[in-house]
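Biologist: Please take a close look at one part for me, the surroundings of the ligand. Then place that part in the rest of the chain.

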Amino acid sequence: MAGLTLKRISKSFQSLKVLDDISLEIGDGELLVLLGPSGCGKSTLLRLVAGLEALDAGEIFLGDRRIDHLEPKKRQVAMVFQNYALYPHMSVEKNLAFPLKVAGTGKEETSKSVTQVAELLGLLDKLKDKPGQLSGGQRQRVALGRAIVRKPALFLLDEPLSNLDADLRTRMRQEIVKLQKELGITTIHVTHDQAEALTMADRIALLHDGRLVQTGSPEELYNNPNSVFVARFIGSPGINIVPSRVNDGLLLPFGLPVTDFYLESEQAVLLVGLRPEAIEIAPGGDYSAIVQSCEYLGEQYVVKLLFGETELVASGSKQPYAPEQTVSFSFESKALLFFNYESGIRIG
Ligand code: ADP
Ligand code: MG
């Protein structure tokens, strides 16, 4: 077992810089979720670690061992792709045994490893079945099993849940986390789905345009985003970002006294972030707004408000509100996050 260290890695395809000076340490046994929008370089990063692409610059270490010059099969790295391809004409048993066969493993050891993995994944009674006879979740488990059967030191999962329906996807998140903890294998799990990242990760690394913009626990990224991009990317419904200005010592449009040194010294215009759940609609609140729409989500209502000229989304309401209704709302001023208007970088 070993942790993974990426040191200043970069990669371009022709003139397109896909990964720009990425440094990242993943602890031994840690589950790191690499999160980011489509096209930001997530798959490229995994492919570099697996050895399917060559680095332009930088170094990759697995434990103390430098691996970026090794051929893929010498790296002790296993990868599961979004479009995991099982061999349709082979039984589950043969599919699981295939990587061992390729590696020249003996019959007895192969049989032992396959049984172990099948037991771990609840596939013992499916060993004789063909992939076509399995459910989507079982097929996904076979794909995971095929990756772990060679006991890799590092596990790379490239959006392995994207092709599953919503219900199965939610269950498989927990299964992967459980499996990863049981095996204790250092893992990078790639997704573009922030909810998946929040629920699965020990730590999240958020990638944007080939750069790592923030790395931290799910709670850190949610509560302490270092930029508007991070604040917007994490959380659903999304954070309210309100263009604001400081005038006569008051933060507008909220009319709050500015006491923060950083804000006083900042330029007059800034962006203010406010999570929808921090806004409480209740009688006697500090502000008044007009309801624009109200969406029922089962356990709560999400209410769109018009506060002066500012649109705000409030979540967590236990009751519905009618459009055009005037309501009052409040929030704690410590819930506000401040960002530079131009750069989007967090202030303070
Ligand atoms: P993600 O997995 O985050 O969606 P990718 O790593 O697949 O992103 O791709 C990042 C960028 O690199 C995209 O613009 C993609 O088109 C480009 N790209 C990926 N692989 C290649 C390649 N082999 N040749 C040229 N461009 C590529
Ligand atoms: Mg990808």
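Modeller: The shell around ligand 1 divides into 5 nonpolar, 5 polar and 1 charged residue. Nonpolar here covers Ala, Val, Leu, Ile, Met, Phe, Trp, Tyr, Cys and Pro; charged covers Asp, Glu, Lys and Arg; the others, Gly among them, are polar. A residue joins the shell if one of its heavy atoms lies within 4 Å of the ligand.

The model is predicted, so local features need pLDDT of at least 70 and side-chain atom pairs pLDDT 80 or more, while totals for chains, interfaces and linings use all residues. Residues are numbered from 1 along each chain as written, chains are lettered from A and ligands numbered from 1 in written order, and side-chain values use heavy atoms, without hydrogens or water.

Now the shell by name. Phe-13, Leu-16, Val-18 and Pro-37 belong to it. So do Ser-38, Gly-39, Cys-40, Gly-41, Lys-42, Ser-43 and Thr-44. Two elements, β2 (16–26) and α1 (42–50), each supply at least two of these residues. The largest share, 3 residues, comes from α1. Helices (H or I, at least four residues) and strands (E, at least two) are DSSP runs, numbered from the N terminus.

Next, the polar atoms. An oxygen atom of ligand 1 sits 2.6 Å from a polar backbone atom of Gly-39. Lys-42 places a polar side-chain atom 2.9 Å from a ligand 1 oxygen. For Thr-44, a polar side-chain atom and a ligand 1 oxygen are 2.6 Å apart. On its own, ligand 1 has 560 Å² of accessible area, and the protein covers 60% of that. Areas come from the Shrake-Rupley method with a 1.4 Å probe; for residues, only the protein chains shown count as cover.

Cys-40, from the shell, is buried, at a relative accessible area of 3%. Buried means under 20%, exposed over 50%, and partly exposed in between (1.4 Å probe, protein chains only). Cys-294 is partly exposed at 28%. The protein has 0 disulfides, a disulfide being a pair of cysteine sulfur atoms within 2.5 Å.

Now the rest of the chain. Asp-68 lies in the loop between β5 (65–66) and β6 (77–80). Its relative accessibility is 12%, so Asp-68 counts as buried. A polar atom of its side chain is 2.8 Å from the backbone nitrogen of Ile-60. The side chains of Asp-68 and Arg-66 share a polar contact of 2.8 Å. Such a contact is an N or O pair within 3.5 Å; within protein, one atom must be able to donate a hydrogen and the other to accept it, and sequence neighbours count only if both are side-chain atoms. Beyond four places in sequence, Asp-68 touches Leu-55, Gly-58, Glu-59, Ile-60 and Arg-75, with heavy atoms within 4.5 Å counting as contact.

Helix α2 (residues 92–102) buries Val-92, Asn-95, Leu-96, Ala-97, Pro-99 and Leu-100. An α-helix has 3.6 residues a turn, so residues three or four places apart point the same way. The cover over the buried residues of α2 includes α3 (107–120) and α4 (136–148). Gly-104 follows α2, with a positive phi near 75 degrees.

Finally, the whole protein. There are 9 helices and 20 strands. The C-alpha trace spans about 80 × 45 × 35 Å along its principal axes. Of the 348 residues, 49% are buried. The exposed surface is about 17300 Å², 49% of it from carbon and sulfur atoms.
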